[in-house]
Amino acid sequence: MFPARSIILFTTLSGAGFGALAWLGLLGLAGGLPEGIPTALLAGGLAIALSVAGLVASTFHLRHPERAWRAFSQWRSSWLSREGVFSVATLGAALAMVAAWMLCGPANWAVTVAGIATLLGALATVVSTAMIYRSLWAVPQWHNGWTVPVFLALAVATGGLVLCAALSWTGALTVSPAWLAIGTLLALFAAAVAKTCAWNAASHAVPASDTPSALGLSGRAASAHPLEAPHTSETWLQHEMAYRVARRHAGKLRRIAALLGLLVALPALLLALWLGGLGASLLLTLAALAGLAAVLVERWLFFAEARHKVTLYYGAEQV
Amino acid sequence: MTSLPESTQRKLGLVIDLDTCVGCHACAVACKQWNDTGVVAPLSDQNPYGTEASGTWLNRVHSFEARDDQGGFALHFPRSCLHCDNAPCVTVCPTGASYKRTADGIVLVDEDLCIGCGLCAWACPYGAREMDESQGVMKKCTLCADRIDNQHLPVEDRVPACVRTCPTSARHFGDLGDPNSEVSLLVAARGGVALMPESGCAPTNRYLPPRERRSAAAPVAETGEAAADAPGGFLGWLDRVLSA
């Protein structure tokens, strides 16, 4: 599949943003949010800004962005529509929570209630984003049980990394949410395990379709190869569904993503917890950036490596 | 709504005979012509007179070399929307632009509602949908909805343009929900199949597989070069002398 920049940015940024909002919601309902208006502004503002940036990036993929509001209407059947509805509802809850946090302090019933809504909404948003891809039978690399866990774990991990960095800059990380850092560590591990399983499953998956099946020749012919294309130059369909450039570098890119996540972000987080002070803030910022970069690479591969069934009509033997 | 109807009163669709199709692309051209000039907006082309011409087409004719136990054979394969019962392109649509008609099962796009996100094309395993690059909306086969019920057209023209134009009568149009319709009887007689049945999309259109070939090719009489290899009479004597 064609790895469109707008969609890679959308899933990476809104994943981190809603992941951070999920953590803030959890801290809010547990009464664990740190004191201080600057902390609330930086942490809440950053999480909301990332989520909004991701959603704005997604509209660049639309040919008619002025009609984007229509996408809120089909939540009964469409995961893309559900993603839109959940994201806007979650942003509303998050704004209410951050406002209550700033005006009334971290421990009051408004923060608790808005925190519950923010936590549930943020998780539902990330799950819906993953389900947009998970629900497509035509793309087997997406249509499996690993897509949702990977999206969730990466969102919670990168959201946690971003939040750790933001809280450390206002000196609030070491107060109560030290378990935020531990949770982020666990999420990073979970993401690494889930992604490894997903890659492993993809390389061992048994293709469900072959060219004879796509041509209605099952049982009539053993194989079929394109003799003549229907058109003289590449069509939109091939550009969108038959993207092949990345696969050559797939192994190297997987190692880069793993390196950024496990050998940069994870050690930086551990070191920061031990160091404290300004060094910790710098290390946590490095960890957050490395985590986001790792997800950008992972997301690029998620699209570029995915094969669409329509390639069966263009030379693929099995998909 | 992009929820699919529980059932449709009719199941209009195409039956395509892969045995008779000669791959002339007349159906694709007729489709392009009708849908470029009909009631909907044109199907745009990009760089139509250049070397890298491309554009939106609702019907594409592929040619394959298929192999069975008797060797290879050419197969011409027209590919267009199958108007599935369980159309994933409809349910993924976030805006309600994609829908399936309850009256006849035709899957259509309301171009005024389409945001051009492309998700429906991703959802279709058959590659039936193409983005119109100049209008930024999704296009697909309408089964010539603006022909089949059009009282202003002569009766014989009230079929999809591709069916009307096919010079080998490889394309048939009718109600596949009615077991006694001509198309249903044809499918039953010739063992018509759905494409990629494992998709779960439950396509309406059916393809008639190529007929089984005769068990062995008839021997070809020796003519031309082969026959001249062994001449008789004076020339044969000369040939033998010169070959010695």
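**Exercise 1. In this predicted model, decide whether strand 1 (residues 12–17) of chain B is largely enclosed or not.**

Solution. Start with the burial of each residue, where buried means that 20 or more other C-beta atoms lie within 10 Å. Six of the six residues of strand 1 of chain B are buried, so the strand is largely enclosed by the rest of the structure. Now look at the two directions. In a regular strand the side chains alternate between the two faces of the sheet. Here B:Leu12, B:Leu14 and B:Ile16 point one way, while B:Gly13, B:Val15 and B:Asp17 point the other way. Residues of both sets are buried.

**Exercise 2. Work out which strands of chain B pair with strand 1 of chain B, and in which sense.**

Solution. Strands of a sheet pair through backbone hydrogen bonds, either parallel or antiparallel. Take strand 10 (residues 171–175) of chain B to begin with: it pairs with strand 1 of chain B in the antiparallel sense over five bridges. In this pairing B:Gly13 stands opposite B:Gly174. Then take strand 11 (residues 206–208) of chain B, which runs parallel to strand 1 of chain B and is joined to it by three bridges. Opposite B:Ile16 you will find B:Tyr207, and opposite B:Asp17, B:Leu208.

**Exercise 3. Assemble these strands into a sheet, and find which helix packs on it.**

Solution. The order is 10-1-11 in chain B, an open sheet of three strands with mixed pairing. Strand 10 and strand 11 of chain B are the edge strands, each pairing on one side only. Ignoring direction, neighbouring strands are turned by 25 degrees against each other on average. Helix 6 (residues 182–190) of chain B packs on this sheet and touches strand 1, strand 10 and strand 11 of chain B. The direction of helix 6 makes about 120 degrees with that of strand 10 of chain B.

**Exercise 4. Place B:Thr20 in its surroundings: where is it in the chain, and what does it touch?**

Solution. B:Thr20 sits in the loop between strand 1 and helix 1 (26–37) of chain B. With 15 other C-beta atoms within 10 Å, B:Thr20 is partly exposed. Leaving aside residues up to four places away in sequence, B:Thr20 touches B:Thr168, B:Ser169 and B:Ala170. For a distance check, try B:His152: it is 132 residues from B:Thr20 in sequence and 31 Å from it in space, C-alpha to C-alpha.

**Exercise 5. Describe the side of chain B that touches chain A.**

Solution. Count the contacts: 55 residues of chain B meet 51 residues of chain A. Among the elements of chain B that give two or more residues to this side are strand 5 (71–80) and helix 2 (88–91). Strand 4 of chain B gives the most, with nine residues. By type, the residues on this side are 32 nonpolar, 14 polar and nine charged. Strand 4 of chain B also pairs across the chains: five bridges join it to strand 1 (residues 223–228) of chain A, in the antiparallel sense. There, B:Phe64 is the bridge partner of A:Pro226.

**Exercise 6. Test whether the length of helix 3 (residues 79–104) of chain A agrees or disagrees with the expected span.**

Solution. At 1.5 Å a residue, the 26 residues of helix 3 of chain A should span 38 Å. The end C-alpha atoms are 36 Å apart, which agrees. Just after this helix, A:Gly105 takes a positive phi of about 85 degrees.

How values were computed. Residues numbered from 1 in each chain as written. Chains lettered and ligands numbered in written order. Predicted model: local features only at pLDDT ≥ 70, side-chain atom pairs only at ≥ 80, totals over all residues. Helix = DSSP H or I, 4+ residues; strand = E, 2+ residues; numbered from the N terminus. Expected span 1.5 Å × (residues − 1). Buried ≥ 20, exposed ≤ 12 C-beta atoms within 10 Å, placed from the backbone. Pairing = 2+ DSSP bridges. Contact = placed C-beta atoms within 7 Å. Nonpolar A, V, L, I, M, F, W, Y, C, P; charged D, E, K, R; others polar. Axes fitted to C-alpha atoms, helices over the stretch in contact; angles between N-to-C directions.
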